[in-house]
Amino acid sequence: MAERKSLSKKIRFEVFKRDSFTCQYCGSKAPDVILEVDHIKPVSKGGDNSILNLITSCQTCNRGKSDRKIDDNSIVERQRRQIEELNIRRQQLEMMLEWREELTTMKEKSYRTAINYFNNKWNEFQLNEVGNGKIKAHVDKFGLMQVLDAIDIACNQYKTNNEDRSFEVVLDKIGGILTIKNKPAVFQKIVHIKGICNKMFRGFDPAIASIILNNYVKALKSKGYNDDEILKDLDEEVMPYTKAARNYNQWQDMMNKWINDIKNWE
C-alpha cells in the first residue's frame, strides 16, 4: 500500500485562509476549535493533495466524533441547516474538482492534437521532448486552433525539401507567427510589407524599414486617419509601390518623401 504524503504547513494554511478558518461541516471557527484539513475525495479512492480536493474541518467533525447534546428543536433545526449547507458545499467542491479534471483531460487532448498535427507534416523527423514542450506552451498561451493555423503558415513559408534544415526553422517560427497574429491589424500589415521587402531587396535592413513604416503610420494618424483608413492606404499605396520598386534605396527614398508630403498636408 502506498504511503500517504503528509500535507505541508503552507498547504494547510492556504486551505484555512480560503475557508476563513471555519469548519466547513459545522461552522465552528478557530481558535474555539482545533482545525484540520480533510480530503473531499479520499486518498484511498484516488484523491490528491491539491487545494481543490482539500477542505477545512474541525477535529471533531474530521474524526467523526461529536459530544453535542440535542436538547431542543432549535438545536436540531440548526444541525439540519448545517447538514444541508454541508451537502451544498460538498457538491460545489466536488463539481469544482470534476471540472478541474475535465479541463486537464481537455488540455492533454489539445496537446496531443497539436503535436501530432506538427509531426504529420514531416516524413523523417518527429518532435522530441523539448519540441513537445514548445508546442504545449503555445497551446497554453494561444489556444489549439491558433496553434494549428500557425503550424500551417510556418510550414507553407519555411518548410523545404531539406527537412533536416527546415524542421527546426519551422518549429522556431511558430511562436513569432502566433505573436504577430495577436497584434493589431496595422502591425500585422507592416510585418507583411517588411516580408515583401526582405524577399525583393538586397541589403534590406528590417530595423530601418520598421522605423520608416511606423513613421508613415504615425504621419497618417496625425492627419486623423483611423486604423481602417491606414490599412486601406497600406494596401493600395505602400504595398503596390513596394512590389514595383527597383531596389531598397529607391523604396526608402520614396517612403521618406511620402512621410514628408503627409506632414505638409493642410
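**View 1. Ser 20 and Phe 21 in the loop between H1 and S1.** In this predicted model, Ser 20 is placed in the loop that runs between helix H1 and strand S1, and its phi is near 55°, a positive value in a residue other than glycine. Phe 21 lies in the loop between H1 and S1 as well, and here phi is near 50°, again positive although the residue is not glycine. With a relative accessibility of 31%, Phe 21 counts as partly exposed.

**View 2. Asp 19 and its surroundings.** Asp 19 is found in the loop between helix H1 (9–18) and strand S1 (35–39), and its relative accessible area of 10% makes it a buried residue. The side chain of Asp 19 is joined to that of Thr 56 by a polar contact of 2.8 Å. When residues up to four places away in sequence are not counted, Asp 19 touches Gln 24, Ile 55 and Thr 56.

**View 3. The cis peptide bond before Pro 31.** Pro 31 belongs to the loop between H1 and S1, and the peptide bond that leads to Pro 31 from Ala 30 is cis, with omega near 5°.

**View 4. Strand S1 and its pairing with S2.** Five of the five residues of S1 are buried, so this strand is largely enclosed by the rest of the structure. In a regular strand, the side chains alternate between the two faces of the sheet. In S1, Leu 35, Val 37 and His 39 point one way while Glu 36 and Asp 38 point the other way, and all are buried. Strand S2 (residues 54–58) pairs with S1 in the antiparallel sense, over five bridges, and the partner in S2 that is bridged to His 39 is Leu 54.

**View 5. Helix H9, its cap and its bend.** Helix H9, which covers residues 227–244, has 18 residues and reaches 25 Å from its first C-alpha to its last, close to the 26 Å expected at 1.5 Å a residue. The N-terminal end of H9 is capped by Asn 226, whose side chain places an oxygen 3.1 Å from the backbone nitrogen of Asp 228. Further along, H9 bends by about 35° at Leu 234.

**View 6. The buried residues of H9.** An α-helix has 3.6 residues a turn, so residues three or four places apart point the same way. In H9 the buried residues are Ile 230, Leu 231, Asp 233, Leu 234, Val 238, Met 239, Tyr 241 and Thr 242. What covers these buried residues includes helix H7 (185–200), helix H8 (206–222) and helix H10 (248–263).

**View 7. The largest nonpolar core, and another core apart from it.** The largest nonpolar core has 27 residues, and those with the most contacts inside it are Ile 193, Tyr 216, Val 238, Trp 251 and Met 255. At least two residues of this core are supplied by each of H7, H8, H9 and H10, and the largest share, seven residues, comes from H8. Apart from this core lies another, of 20 residues, which includes Trp 122, Leu 127, Ala 150 and Phe 167.

**View 8. The contacts of Trp 251.** With residues up to four places away in sequence left out of the count, Trp 251 touches Ile 193, Cys 197, Phe 201, Ala 209, Ile 212, Leu 213, Tyr 241, Thr 242 and Ala 245. Among these residues, Tyr 241 and Thr 242 are also listed with the buried residues of H9.

Notes: Residues are numbered from 1 along each chain as its sequence is written. This is a predicted model: local features need pLDDT of at least 70, side-chain atom pairs count only at pLDDT 80 or more; totals for chains, interfaces and linings use all residues. Side-chain values use heavy atoms; hydrogens and water are left out. Helices (H or I, at least four residues) and strands (E, at least two) are DSSP runs, numbered from the N terminus. The expected span of a helix is 1.5 Å times one less than its number of residues. The bend at a residue is the angle between axes fitted to the seven residues ending there and the seven starting there. Buried means under 20% relative accessible area, exposed over 50%, partly exposed in between (1.4 Å probe, protein chains only). Contact means heavy atoms within 4.5 Å. A polar contact is a pair of N or O atoms within 3.5 Å; within protein, one must be able to donate a hydrogen and the other to accept it, and residues adjacent in sequence count only if both atoms are side-chain atoms. A nonpolar core is a set of buried Ala, Val, Leu, Ile, Met, Phe, Trp, Tyr and Cys residues joined through side-chain atoms within 4.5 Å. Two strands pair if DSSP finds at least two bridges between them.
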